[in-house]
Amino acid sequence: MNATPRPDSADIHMKDEAAFLPRTLAALWAVFWLLMICVALQDALRNSGVRWWEPVLWEGSSALVATGWMLFAVRTRARHARYLDRPLLWFGTYLLWLPLIILTWLAVVYPIRHAVYAAAGLTYAHPGWGLVVAYESVKLTIFTGLWLGILFGIDSHGQWQLQRQRLLRMHKALAEAQLAQLQGQLRPHFLFNALNTVSALMHTDVDRADRMIATLGDLLRISLRTNGNEMTPLAEELRTLALYADIMRERFRDRVTVSWHTDAALAEIPVPALLLQPLLENAFRHGVEPNVARVHIEIRARRDNDALEVVVHNTGSMLAPEHHEGIGLRNCRERLGIIYGDAASLSVRNEGDGVAACVRIPLSETAR
């Protein structure tokens, strides 16, 4: 049995927007005619020769016919939507109905008024038909133009909302594709370097190589769990770093120490999966590998105002003035840009007796 697909949230939002437009127009329409009747009643109260129900009849009969035509305009709005980017054509297709609107107005409104007056034993007096036709034609042309302008504005807003939602969905799909591509680049790159480390020991120290393979297995299990999940809790990301650091310390046992300074209160904050591993990898590659002296690597995670700040600092190397970023740092920077825009940052700088790579992620986009 086929499962019924769940509607996308953007689709629901677009449907809500489409439903919002008629409701908005109906509210404006009701307020407009209520004001028209109130104004007419107020004039009637100042004129002792006019009965209170007469302005209600005049405006009510007008509202009846006008509402019929407005319903027609709303029902046919989908047919005219393709002309919204050409306003003159859009207005022109509606104004083709203006002669019929005037004819309908005269054929329905005035008979209603005459009939009600006759039922009350009175006569509905109005100017000659020539003047009535001219007056009503001018009035209806202005009236129709006014409400077509309102309808055009509402429909244009609705069309803009629909296009905006489609654009956001396309942007989201593109961003997800880019993130998948970047993450796909990172996994084989990361695995290649980890296997190289195991290979360096397997012929010289089988026990250490065996421990590294076991640690690598744990690391790969975590990596596979993140497959398809762009975000992971900070605690899980730091555990991944710890496993990677264990592998690398087996390789450079007497040349590196690693220390951790992290705020436990930040453990559940989501961060991009495998974002920090290239930073630690660079610390080993540029700080530890070229040195025979002991190198210290420090990983710090703390809250800095409204941002999560994670720093990977290593001694044993300094940035050259003309240094260039590798694929790992470019990957991290691009992922941060896709997910957070300009709100997140990655900086690499000389700090003290070494190099610090600092990632800042807005907590307003994550923990809040």
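A residue is called buried here when its relative accessible area is under 20%, and because E309 has a relative accessible area of 11%, E309 counts as buried. Keep in mind throughout that the model is predicted.

Begin by selecting E309 together with R302, whose side chains meet in a salt bridge with an N to O distance of 3.0 Å; R302, in contrast to its buried partner, is partly exposed at 41% relative accessible area. Now add R360, which forms a salt bridge with E309 as well, the closest N and O atoms being 3.2 Å apart. R360 lies in strand β7 (residues 354-362) and E309 in strand β5 (residues 307-315), so this pair ties together parts that are 51 residues apart in sequence. R360 itself is partly exposed, with a relative accessible area of 26%. Next, select E298, R300, R349 and E351, which are joined into one network by salt bridges that share partners.

Move then to helix α6 (residues 129-201), where E136 and K139 are three residues apart and thus separated by about one helical turn. Their side chains meet in a salt bridge of 3.1 Å, N to O, in which E136 is buried at 2% relative accessibility while K139 is partly exposed at 29%. A search of the whole structure finds eleven salt bridges.

For the last stop, select L96, W97, L100 and L103, which make a nonpolar surface patch of about 420 Å². Within this group, W97 sits in the loop between α4 (87-95) and α5 (98-119), and is partly exposed with a relative accessible area of 34%.

Notes. Residues are numbered from 1 along each chain as its sequence is written. This is a predicted model: local features need pLDDT of at least 70, side-chain atom pairs count only at pLDDT 80 or more; totals for chains, interfaces and linings use all residues. Side-chain values use heavy atoms; hydrogens and water are left out. Patches are made of residues with over 30% relative accessible area and no salt bridge: like charges are joined within 9 Å, nonpolar side chains (Val, Leu, Ile, Met, Phe, Trp, Tyr) within 5 Å. Accessible areas come from the Shrake-Rupley method with a 1.4 Å probe; for residues, only the protein chains shown count as cover. A salt bridge is a side-chain nitrogen of Lys or Arg within 4 Å of a carboxyl oxygen of Asp or Glu. Helices (H or I, at least four residues) and strands (E, at least two) are DSSP runs, numbered from the N terminus. Buried means under 20% relative accessible area, exposed over 50%, partly exposed in between (1.4 Å probe, protein chains only).
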